[in-house]
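User: I am new to this structure and would like to learn how to read its features step by step. Could we begin with strands and how they are paired?

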Amino acid sequence: MPELSQESERGRSAAPFGLAEVTGPSMVPTLQHGDQLLVRYGGVVRAGDVVVLRHPFQQDLLVVKRAAERREGGWWVLGDNPYAGGDSTDYGVVPEELILGRAWLRYRPLRPGQRSPLALLRWAFSAARPLLTDRSASRRLRAR
C-alpha cells in the first residue's frame, strides 16, 4: 500500500500544497514506487481523483488511492492495481475527514540506470504528468 513521507504532513498547516513520496505497488500503473506527488490539501474530491488519505485503522499512515465513488459515510477508495489490496475492499468506506487532499501532479525521478540517450529522452517526456480525473478508470473500478 503506498504510504507517503511525513514531510507532506509537516507543511500542511502552512501551505495548501505539499510534496509526498509514493512507496508500494497499489497504484501501478498510474504511480510507481518512488514517484513524487504534488498534493493540494482540502478542496473538492470527485470520483476518479487520486487522493491522499489517512488509513482508517492506522491514522499515522498516509496512503494514496483513487476515489471511486461517494457512498453513505464517505468515499469508496481503490488502488489501480487490483492485486495489491489495501483499499476499501479491505477496510470499507473512508470517512470524509480522513481524506486529506488531492494529488495534482506526478513527478518520476530519473533512475540511476537511465543513462542511454533513448532512456533519457523517454524520461524527459514522461517525468512530470498531471494527475487528471480519470473517468474511465473510475467506471472500471466501480465495476469491481
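Analyst: Two strands pair if DSSP finds at least two bridges between them, and the elements themselves are DSSP runs, helices being H or I over at least four residues and strands E over at least two, numbered from the N terminus. This is a predicted model, in which local features need pLDDT of at least 70, side-chain atom pairs count only at pLDDT 80 or more, and totals for chains, interfaces and linings use all residues. Residues are numbered from 1 along each chain as its sequence is written, and side-chain values use heavy atoms, with hydrogens and water left out.

User: In which sense do strand 4 and strand 5 pair, and over how many bridges?

Analyst: Strand 4 (residues 62-71) runs antiparallel to strand 5, and five bridges link the two. Within this pairing, Arg66 stands opposite Leu78 of strand 5. The two strands form a hairpin with two residues between them, and Gly73 in the turn has a positive phi of about 95°.

User: How many residues of strand 5 are buried?

Analyst: Buried means under 20% relative accessible area, exposed over 50%, and partly exposed in between, with a 1.4 Å probe and protein chains only. In strand 5 (residues 74-78), five of the five residues are buried, while of the 144 residues of the protein chain 43% count as buried.

User: Why does Leu105 count as partly exposed?

Analyst: Leu105 counts as partly exposed because its relative accessibility is 31%. This residue lies in strand 6 (residues 99-107).
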